[in-house]
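Q: Could we go through this model together? I would like to start with its basis and then turn to particular features.

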Amino acid sequence: MSKNKKIISIVIFSVVALAVLIGTIIVKSPGHHGSIGDLMKDAVLHEDNRISLFGIKDVNPGLISAFSITGIFLVFGLIVRIFVIPRFKMIPGKFQMLLEMAVGFFDGLAKSNSPHRNRFLGAYLFSAGAYIFVGTTFELFGFQAITTKGHAMALPAPLADINGAIMIGFLSFFVIMSGGIAENKLKGVGLTLKEFSLPISMSFRLFGALLSGALVTELVYYSMALSYGLPVLVGVLFTLLHALIQTYVLCMLTALFYGEVSEPAGHNKH
């Protein structure tokens, strides 16, 4: 019986693969507006595809994504705080266990890298990590918006906009500085400013990773032989991979530098 199932599976897979191959040959490649270079330039500068913000000003699509994700987090956090947390039990359910695992992971990351001042650090790492992960996977849902030129477009990840990446890079840098000031006053500022390239490297690491994923997906779309089905797989894998890696990298770097500048003076002597 299992042998028959294997044969049927192989036949179905072969038929599907053959159908995709025939479709690739017969069906014309979907039309593209502009060259791949123009698309990548617009992905960075957003000169063409802009969205009206309540009729006040034309803004980058990434800003609309950032506002949407912020609103989702605020509503979700309010619902969890009012309706879910008061009902937590000693034997946790699935959602409680998932939430406790996420909080425990970032709290452990903060405590292991900054043993002296870590309460605020743990809260920030959880917030930044959740924002990066959800913000990166946000583009997978394909929420549509209308540009000022009347074209429909899917809202991108907010960190695919260089402004969003720079914002979270500098915010993490100021959080690191706050730990230094809280523990070592002016000396903490000096310790933080020694790493002057840190916010730049954080910003461009995030932006470069997300832009590279968009570039690979667009290149696959532009190839007629690969533009049927494969971009979905490539887009999902690249997005999830970048979401996990960039969340961990930024949180780890922030925790490491925060622990370094918030270490009490003379601690190594003891």
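A: The turns below cover the basis of the model, a salt bridge and a pocket.

A: This is a predicted model, in which local features need pLDDT of at least 70, side-chain atom pairs count only at pLDDT 80 or more, and totals for chains, interfaces and linings use all residues. Residues are numbered from 1 along each chain as its sequence is written, and side-chain values use heavy atoms, with hydrogens and water left out.

Q: How many salt bridges does the count come to?
A: The count is one salt bridge, the term meaning a side-chain nitrogen of Lys or Arg within 4 Å of a carboxyl oxygen of Asp or Glu.

Q: Which residues form the salt bridge?
A: Lys-111 pairs with Asp-107, and their closest N and O atoms are 3.2 Å apart.

Q: Where are Lys-111 and Asp-107 in helix 4?
A: They are four residues apart in helix 4 (residues 94-113), and therefore separated by about one helical turn. Helices are DSSP runs of H or I with at least four residues, numbered from the N terminus.

Q: Is Lys-111 buried or exposed?
A: Lys-111 is partly exposed at 45% relative accessibility, and Asp-107 is partly exposed at 27%. Buried means under 20% relative accessible area, exposed over 50%, and partly exposed in between, with a 1.4 Å probe and protein chains only.

Q: Changing topic, which element gives the largest share of the lining of the second largest pocket?
A: Helix 4 does, with eight residues. A pocket is an open set of points on a 1 Å grid over the protein atoms alone, where a 1.4 Å probe fits, with protein on both sides within 12 Å along at least five of seven lines; lining residues have an atom within 4 Å of a point.

Definitions and conventions: Helices (H or I, at least four residues) and strands (E, at least two) are DSSP runs, numbered from the N terminus.
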